[in-house]
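Okay everyone, thanks for coming. I'd like to walk through some backbone oddities and then the cysteines. Have a look at this one with me.

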Amino acid sequence: MLRFIRARLDPASYLGLQLSLGALLLIGASWAFGSIAEEVLEREELVAVDMQLSYWLNSLQTPWLTDIMLKVSSLHGMQGMTALVLIAALLLAWKRYWTWMVILLFTVPSGAALNALMKTVFERARPSFASSFMTVTDYSFPSGHTCASTLFYGVLAAFLVPRMPSWQWRALVCWCALGLIALVAFSRLYLGAHFLTDVLGGFAEGIAWLALCVTAAHTFARHRSERRSRPAIKL
């Protein structure tokens, strides 16, 4: 048993620390998403907070802040995210980070497709305030904008963190990614397009899918690298 645990914590092995951390993150985020989804389906305490927060934010709206939030929300919609992903993918290709380019081009679109599927499963109506600023026809839970931004900025953070020169820079990258995700989530709440549980669900969904995609790609790449480095067996 002790040997198994040591192997799972070995940072040099493709089945070691990175895989273990990715699996824990996937399990934790999936559990969080399931818990939030249960609250939504059973309309428990957290859903009551949804309505109170929506009415409170609606009462605080001002023209200048609404204009900013509309721009943030628009940038992280389908067209905006497509442009951001393509720009980032081109930069990765220019620097010859082919693996990370593939991870980005797979993770964000496939996560968006998963989010669309989840919306049809839960069929939750949007807040009534949404019609005040934008035309939305799909369902509310989980938030697609929050999920997509979590995937996009999460992939960029996963790429940048190991390349930072110190832990301070690594922490800054993580905080910047979380700050941008939080800004997108707040824009959707402020504009009345989503409830709190919608953006929390979108964040948990995004983290789970991000952990799965990045961990799988990392494990596969490390496995191929280890196989290539093994000496050939002479017969």
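Quick bit of vocabulary before the loops: helices (H or I, at least four residues) and strands (E, at least two) are DSSP runs, numbered from the N terminus. Keep in mind that this is a predicted model, where local features need pLDDT of at least 70 and side-chain atom pairs count only at pLDDT 80 or more, while totals for chains, interfaces and linings use all residues. Residues are numbered from 1 along each chain as its sequence is written, and side-chain values use heavy atoms, with hydrogens and water left out.

So, on to the loop between α6 and α7, where Glu123 sits. Glu123 isn't a glycine, yet its phi is positive, near 50 degrees. Pro142 belongs to the loop between α6 (98-122) and α7 (144-160) as well. What kind of peptide bond joins Phe141 and Pro142? That one is cis, with omega at about -10 degrees.

Now step back to the loop between α5 (78-94) and α6, and you'll find Arg96. Here's another non-glycine with a positive phi, about 65 degrees. Is Arg96 buried or exposed? For the cut-offs, buried means under 20% relative accessible area, exposed means over 50%, and partly exposed is in between, using a 1.4 Å probe and protein chains only. Arg96 comes out at 62%, so it's exposed.

Last up, the cysteines. Cys147 has 1% relative accessibility, so we call it buried. Cys213 is at 9%, so that one counts as buried too. And how many disulfides does the structure hold? Zero, taking a disulfide as a pair of cysteine sulfur atoms within 2.5 Å.

That's my tour, happy to chat.
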